[in-house]
Amino acid sequence: MAASLEGGRQAAHLDCILEPLSFPEQLASTSYDASKRVTCLLCAESSPLSEKNALLKHLVLEHKVVIADVRLIADFSRYMLYWRKRFSESPITEFCSVIKTNSMGPVGQQEEYFLLCDALPEDRILREQLQQRRLEEVLEQQQKERDDCNFHRICMFCNEEFTGNRSTLLNHMAREHSFSVGLPDNIVYCTELLDTLERKLDNLQCLYCEKTFRDKTTLKDHMRKKQHRRINASNNDYDRFYIINYLELGKTWEEVQSEDDREILAENDDDWSDWQAHPVCAVCLFCEQQSETMEKTYTHMQETHGFNLHQLKTQLNLTFYQQVKLVNFIRREIHQCRCYACEEKCSSKADVLLHLADAGHIMALPERSTWDQPQYYFPTYENDALLCALTDSDDESEEADHRGGIPVIAEDISNLETLKQSSVLKHLLKDRNGPC
């Protein structure tokens with residue numbers, strides 16, 4: 001039995017976690033058609049929507065028309081269609097601001113350009129209407145995705161199959177693979193987002209820095225070592241998949257966030273009387289149950305699984321740091337589908353729970369030397385709120401003060417004689433001044 005346990009311990013060292021884990025965050029339709037062609041405002045020239053820069057260049061070179069802030073136009077196709085109709089009804093000079101180049105030079109060298117921007121009332125109204133229409137379409141699409149229970153997809157990292165709501169797959173990727181694309185409630189066109197990410201992986205492309213690698217093993221090692229298991233927020237190609245980018249006309253999500261920060265700083269309000277802390281949602285050690293208070297989490301673990309952390313803390317006289325190690329140890333063993341008491345390996349987490357209950361191992365811990373190791377100072381899950389709720393033992397402060405006979409001096413001590421008498425320098429100087 002001892003030999004088998006020792007073998008299990010050695011295998012456990014090889015079965016290590018090489019990437020940070022995270023708990024999942026909790027608490028078609030109109031889509032982008034890149035092949036759709038857009039026609040010029042003033043002639044029959046057209047180009048695909050995905051190549052609208054070529055059409056904008058044509059407008060400048062052939063018609064001397066400049067459209068400002070194109071990236072902030074919610075629906076470029078409808079925008080172009082509207083102004084094409086308006087320019088067919090009246091001369092362009094009735095709508096656009098006229099910009100004259102080289103105004104101080106000879107008349108023959110001067111050129112007039114026509115500017116379409118939201119400083120023009122009609123253009124501003126059009127952009128706002130397009131923004132509102134797009135927002136309504138996106139919210140409607142998001143609601144359809146929330147209500148759709150026919151979703152079926154395989155995880156791009158482990159080939160596990162998921163059906164039902166999309167959030168189950170997104171939470172799985174965050175929890176099991178430390179790859180989070182954000183809160184499921186903030187995402188729209190989820191299937192297209194997953195298609196985009198999967199194409200990049202199939203092309204051996206890093207999802208963050210977008211470098212291409214020679215094989216999947218090299219790509220996987222790169223993403224793990226460089227912490228690139230996320231998407232690049234600076235890549236505007238992902239903007240259309242997040243609701244926040246549709247909320248306010250003329251502003252990207254970065255600008256909205258920056259503006260919020262400036263407003264907070266500008267207020268400079270020192271009155272914190274109305275401040276309310278966000279509830280800390282800790283996850284059970286054995287299942288995915290989350291509770292809004294720590295007491296509910298402890299009660300759930302005791303009543304549902306028969307695990308009493310407070311009792312273990314008292315019986316074993318655990319310090320704060322020993323509690324941290326124990327929680328991280330149990331988290332890691334459960335994540336690896338292994339009984340933390342006897343090291344029996346199971347095929348799933350559900351089987352681990354059945355084994356713990358049947359074998360009566362839920363409150364059985366291995367030797368202290370197994371889990372009281374420096375490696376378990378580091379969280380198994382980066383956002384483990386349970387670690388934040390652990391408390392010191394009642395006598396830990398006194399024990400720390402007298403451990404090793406080391407005196408603890410307060411910063412604001414007023415009696416310097418006490419410091420002099422207890423200072424090691426006094427003894428050093430006495431030895432030095434004494435006879436050799």
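Helix α3, residues 76–89, and helix α4, residues 121–147, pack against each other at an angle of about 145°, with their axes 11 Å apart. I should say at once that this is a predicted model. As a reminder, two packed helices are described by the angle between their axes and the distance between the axes. The crossing of α3 past α4 is right-handed.

Which residues of α3 meet α4? On the α3 side they are Arg78, Tyr79, Tyr82, Trp83 and Arg86. Their partners in α4 are Glu122, Asp123, Leu126, Arg127, Leu130, Arg133 and Glu137. By character, the residues of this contact divide into 5 nonpolar and 7 charged, with no polar residue. An α-helix has 3.6 residues a turn, so residues three or four places apart point the same way. You may wish to keep that in mind when you look at the numbering of the contact residues.

I turn now to helix α11, residues 320–335. This helix has 16 residues and spans 23 Å from its first C-alpha to its last, close to the 22 Å expected at 1.5 Å a residue. Is α11 mostly covered or mostly open? It is mostly covered, with 14 of its 16 residues buried.

Next, the backbone. Most residues other than glycine have a negative phi, and most peptide bonds are trans. Several residues here have a positive phi instead, among them Cys337, Asn317 and Tyr189. Cys337 lies just after α11 and takes a phi of about 55°. Asn317 sits in the loop between α10, residues 309–315, and α11, and its phi is near 55°. Asn317 counts as partly exposed, because its relative accessibility is 45%. Tyr189, with a phi of about 55°, belongs to the loop between α5, residues 166–177, and α6, residues 190–202. Tyr189 is classed as buried, because its relative accessibility is 4%.

Finally, the cysteines. A disulfide is a covalent bond between the sulfur atoms of two cysteines. How many disulfides does a search of the whole structure find? The search finds 0. Cys206 is in no disulfide, and the nearest cysteine sulfur, that of Cys209, is 3.6 Å away. The cut-off applied is a pair of sulfur atoms within 2.5 Å, so a pair at 3.6 Å does not qualify. Is Cys206 buried or exposed? Cys206 counts as buried, because its relative accessibility is 0%. Cys149, by contrast, is exposed, with a relative accessible area of 58%.

Technical notes: Residues numbered from 1 in each chain as written. Predicted model: local features only at pLDDT ≥ 70, side-chain atom pairs only at ≥ 80, totals over all residues. Heavy atoms only, no water. Axes fitted to C-alpha atoms, helices over the stretch in contact; angles between N-to-C directions. Helix = DSSP H or I, 4+ residues; strand = E, 2+ residues; numbered from the N terminus. Left-handed = near helix turned anticlockwise from the far one by under 90°. Contact = heavy atoms within 4.5 Å. Nonpolar A, V, L, I, M, F, W, Y, C, P; charged D, E, K, R; others polar. Expected span 1.5 Å × (residues − 1). Buried < 20%, exposed > 50% of the residue type's maximum accessible area, 1.4 Å probe, protein only.
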